[in-house]
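Me: I would like to go through this model with you and test each label against its definition. Please keep the replies short.

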Amino acid sequence: MADYKNIISFIKLKEGGLSSATTDTASKNSAPCGNGSNGKPYHTNKGVTWATFKGLSSSLGYSATCANFIQMPDSIWGKIYKESYWDKMQGDRVKNQAIANTFVEMAWGSGVGSNTSTRGAIPYLKNFFKKDYNKSFSTITEIVDYVNQLDSQGKSPELFEKLFDFRKNLYVSFNQPSNLKGWLNRLDSFYFLNKPYALSTGNKIGITIGAISIILGVTLYYKYGRIK
């Protein structure tokens, strides 16, 4: 099964620290915790928006103070990531690491969504499987069951490629030109690092090739910084 720790370093690398960028829709709900170099209030830290940080504080057991938001200690960030994104997408149940990481990246960027909503990772995945696989699902549980079935058939690499294309088209459909380049750069970087993991867990040869590819890919990524 997939390991929730696998994608943490990627998310943190891409998110950076405090943000007060006005091109981000999160700026509509900024934090009362100081301003960035552009003179605008902070709204996000390490990829966690003020609205999310404040909204999850009670259920996850931390105080929604400015000190905690500005510092964003790993103890808080880790709870938000694991319990509100990874667990909500049932990452622990997904057999293939690349597919689990894809699901969680979608949730991290667009929200988890729900079985009845139209925006968020779950409804987007429901649309994807209906369009590309002619499969109708009501819950994330059903989706995970199906992707595990595909993995047992050696079809995770194909699924990973299709999800990549779907996500690229989804970003374009959002019609946010000021953010599109950054989103696509992150998507390319994610693809580069995760493609080796997509090799089916049931394919022993694939696993060996995948392990070699992962080592080589990570080495080249951090040495040459393919995507900044």
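Me: Which residue follows α2, and what is the sign of its phi?
Reply: Gly61 follows α2, and its phi is positive, near 80 degrees. A word on the basis: this is a predicted model, where local features need pLDDT of at least 70, side-chain atom pairs count only at pLDDT 80 or more, and totals for chains, interfaces and linings use all residues. Residues are numbered from 1 along each chain as its sequence is written, and side-chain values use heavy atoms, with hydrogens and water left out.

Me: What makes a run a helix or a strand, and how many of each does the protein have?
Reply: Both are DSSP runs, numbered from the N terminus: helices are H or I with at least four residues, strands are E with at least two. The protein has 10 helices and three strands. From the N terminus the order is α-β-β-β-α-α-α-α-α-α-α-α-α.

Me: Why is Lys82 called buried?
Reply: Its relative accessible area is 19%. Buried means under 20%, exposed over 50%, and partly exposed in between (1.4 Å probe, protein chains only). Lys82 therefore counts as buried. Lys82 lies in helix α4.

Me: What does Lys82 touch?
Reply: Tyr4, Asp87 and Asp92, not counting residues up to four places away in sequence. Contact means heavy atoms within 4.5 Å.

Me: What makes the link between Lys82 and Asp87 a polar contact?
Reply: The side chains are joined at 2.8 Å. The definition asks for a pair of N or O atoms within 3.5 Å; within protein, one must be able to donate a hydrogen and the other to accept it, and residues adjacent in sequence count only if both atoms are side-chain atoms. The Lys82–Asp87 pair is listed as such a contact.

Me: Why does Asn148 count as buried, and where is it found?
Reply: Asn148 has 10% relative accessibility, so it counts as buried. Asn148 is found in helix α7 (residues 140-152).

Me: Which backbone atoms lie 2.9 Å from a polar atom of the Asn148 side chain?
Reply: One is the backbone oxygen of Arg93. Another is the backbone nitrogen of Lys95. Asn148 touches Arg93, Val94 and Lys95, again leaving out residues up to four places away in sequence.

Me: How do you know that the buried residues of α2 are on the same side?
Reply: In α2 (residues 50-60) they are Trp50, Phe53, Leu56, Ser57 and Leu60. They cover an arc of only 140 degrees around the axis, which puts them on the same side of α2. The arc is that of the directions from the helix axis to the C-beta atoms. The face turned away carries the exposed Gly55, Ser58 and Ser59. What covers the buried residues includes β3 (48-49), α3 (66-71) and α4 (74-86).

Me: What makes β2 and β3 a pair?
Reply: Two strands pair if DSSP finds at least two bridges between them. Strand β2 (residues 44-45) and β3 have two bridges, in the antiparallel sense. One bridge joins Asn45 to its partner Val48 in β3.

Me: Why is one side of β1 and of β3 left without a neighbour in the sheet?
Reply: The open sheet has three strands in the order β1-β2-β3, with antiparallel pairing. β1 (18-19) and β3 stand at the edges, each with a single partner strand, so one side of each has no neighbour in the sheet.
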